[in-house]
Amino acid sequence: VCPDAQQWQIIRELNLLDVEEDVLWRPFDTLSNGEQTKVLLAALFLNEGHFLLIDEPTNHLDKESREQVKEYLNTKKGFILVSHDRDLLDACIDHVLVLNRCTIEVQSGNFSSWWENKEKKDAFSQAENEKHKKEIRKLNEAAARARDWADKNATSRPCGFLAVSAGSCASAKKLCSCNPFY
């Protein structure tokens, strides 16, 4: 994983993760899940100058190992951490990168601060949506009242005349659907 690393560098990283150096001489598949995770993390951070993507580093770890990984990652910089472990995220990150359907959002802070802001935005959006729904209901009700009024007045209006003034002469025009010349 890191051919340029010196043995002392590997041992230093393993010590930071509270892993005995004898794991270096044991077959990888004989290591526990926790030991495997810690060895892989140590190896990743030996590659200086790389920006790492770390996916779910606390999966399959006991509480003590989670704390060790959290403390270890808290001392490191330059990585993207994907995790469902909110405690780990709060302790180890200083920015949140959110990939939405159409946008990418970056916010300074830890997971909890991002979550609080997200809940506020969601509540505001929900309130705005409710306001719009209420306004739509009012407009639909007003449209229905106007339609009912127009229907009622169109069927109950008797044939009649409308006087129109055009200068000095007055003309009359019959307004009725029964007038074929209208």
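Val82 lies in strand S2 and, at 36% relative accessibility, counts as partly exposed. In this predicted model, Val82 belongs to a nonpolar patch on the surface, together with Phe51, Leu53, Ile80, Leu97, Leu99, Ile104 and Val106. The accessible area of these residues together is about 840 Å². Three strands stand out as contributors: S2, S3 (95-99) and S4 each supply at least two residues of the patch. Val82 also appears in the list of residues in contact with Ile54, once the neighbours of Ile54 within four places in sequence are left aside.

Ile54 leads on to the interior. In soluble globular proteins, nonpolar side chains tend to be buried together. Here the largest nonpolar core has 25 residues, and those that touch the most other members are Leu17, Leu41, Phe45, Ile54, Leu73, Phe79 and Leu81. Two or more residues of this core come from each of H2, strand S1 (52-55), H3, S2, H4, S3 and H5. The largest share, four residues, is that of H2. With its neighbours within four places in sequence left aside, Ile54 is in contact with Leu41, Leu44, Phe45, Leu73, Phe79, Ile80, Leu81 and Val82. Ile80 and Val82 in that list are also members of the surface patch.

It helps to set these groups against the chain as a whole. The chain has five helices and six strands, and reading along the sequence gives the pattern α-α-β-α-β-α-β-β-α-β-β. Of its 182 residues, 26% count as buried. The accessible surface comes to about 13500 Å², and carbon and sulfur atoms account for 55% of that area. Among contacts with a separation of 6 or more, 40% are between residues 24 or more positions apart.

Helix H1 (residues 7-16) offers a view of how one element is packed. Gln9, Ile11, Glu13 and Leu14 of H1 are buried, and the cover over the buried residues of this helix includes helix H2 (33-46) and helix H3 (63-74). Just after H1, Asp18 takes a positive phi of about 60°.

Glu13 brings in the charged side chains. Side chains of opposite charge can pair when their charged atoms come close. The model contains twelve salt bridges, and one of them joins the side chains of Lys76 and Glu13, at 3.0 Å from N to O. Lys76 lies in the loop between H3 and S2 while Glu13 is in helix H1, so this salt bridge ties together parts that are 63 residues apart in sequence. Both Lys76 and Glu13 are buried. Arg12 belongs to this group as well: salt bridges with shared partners join Arg12, Glu13 and Lys76 into one network.

Other salt bridges involve residues with some exposure. The side chains of Arg26 and Glu35 meet at 3.2 Å from N to O. Arg26 is partly exposed, with a relative accessible area of 31%, and Glu35 is likewise partly exposed, at 23%. A further salt bridge pairs the side chains of Glu105 and Lys121, at 3.5 Å from N to O. Glu105 is in strand S4 (residues 104-108) and Lys121 in helix H5 (residues 111-156), so that distant parts of the chain, 16 residues apart, are linked by this pair. Lys121 counts as partly exposed, at 47% relative accessibility.

Finally, Asp85 shows an acidic residue with polar partners. Asp85 sits in the loop between strand S2 (79-82) and helix H4 (86-92). Asp85 counts as buried because its relative accessibility is 16%, under the 20% cut-off. The side chain of Asp85 makes a polar contact with the side chain of Thr58, at 3.3 Å, and also reaches the backbone nitrogen of Leu88, at 3.1 Å. Apart from neighbours within four places in sequence, the residues in contact with Asp85 are Thr58 and Arg66.

Note on methods: Residues numbered from 1 in each chain as written. Predicted model: local features only at pLDDT ≥ 70, side-chain atom pairs only at ≥ 80, totals over all residues. Heavy atoms only, no water. Buried < 20%, exposed > 50% of the residue type's maximum accessible area, 1.4 Å probe, protein only. Polar contact = N/O pair within 3.5 Å; in protein donor to acceptor, adjacent residues only side chain to side chain. Contact = heavy atoms within 4.5 Å. Salt bridge = Lys/Arg side-chain N within 4 Å of Asp/Glu carboxyl O. Patch = residues over 30% accessible without salt bridge, like charges linked within 9 Å, V, L, I, M, F, W, Y side chains within 5 Å. Areas by Shrake-Rupley, 256 points an atom, 1.4 Å probe, with all protein chains shown as cover. Core = buried A, V, L, I, M, F, W, Y, C linked by side-chain atoms within 4.5 Å.
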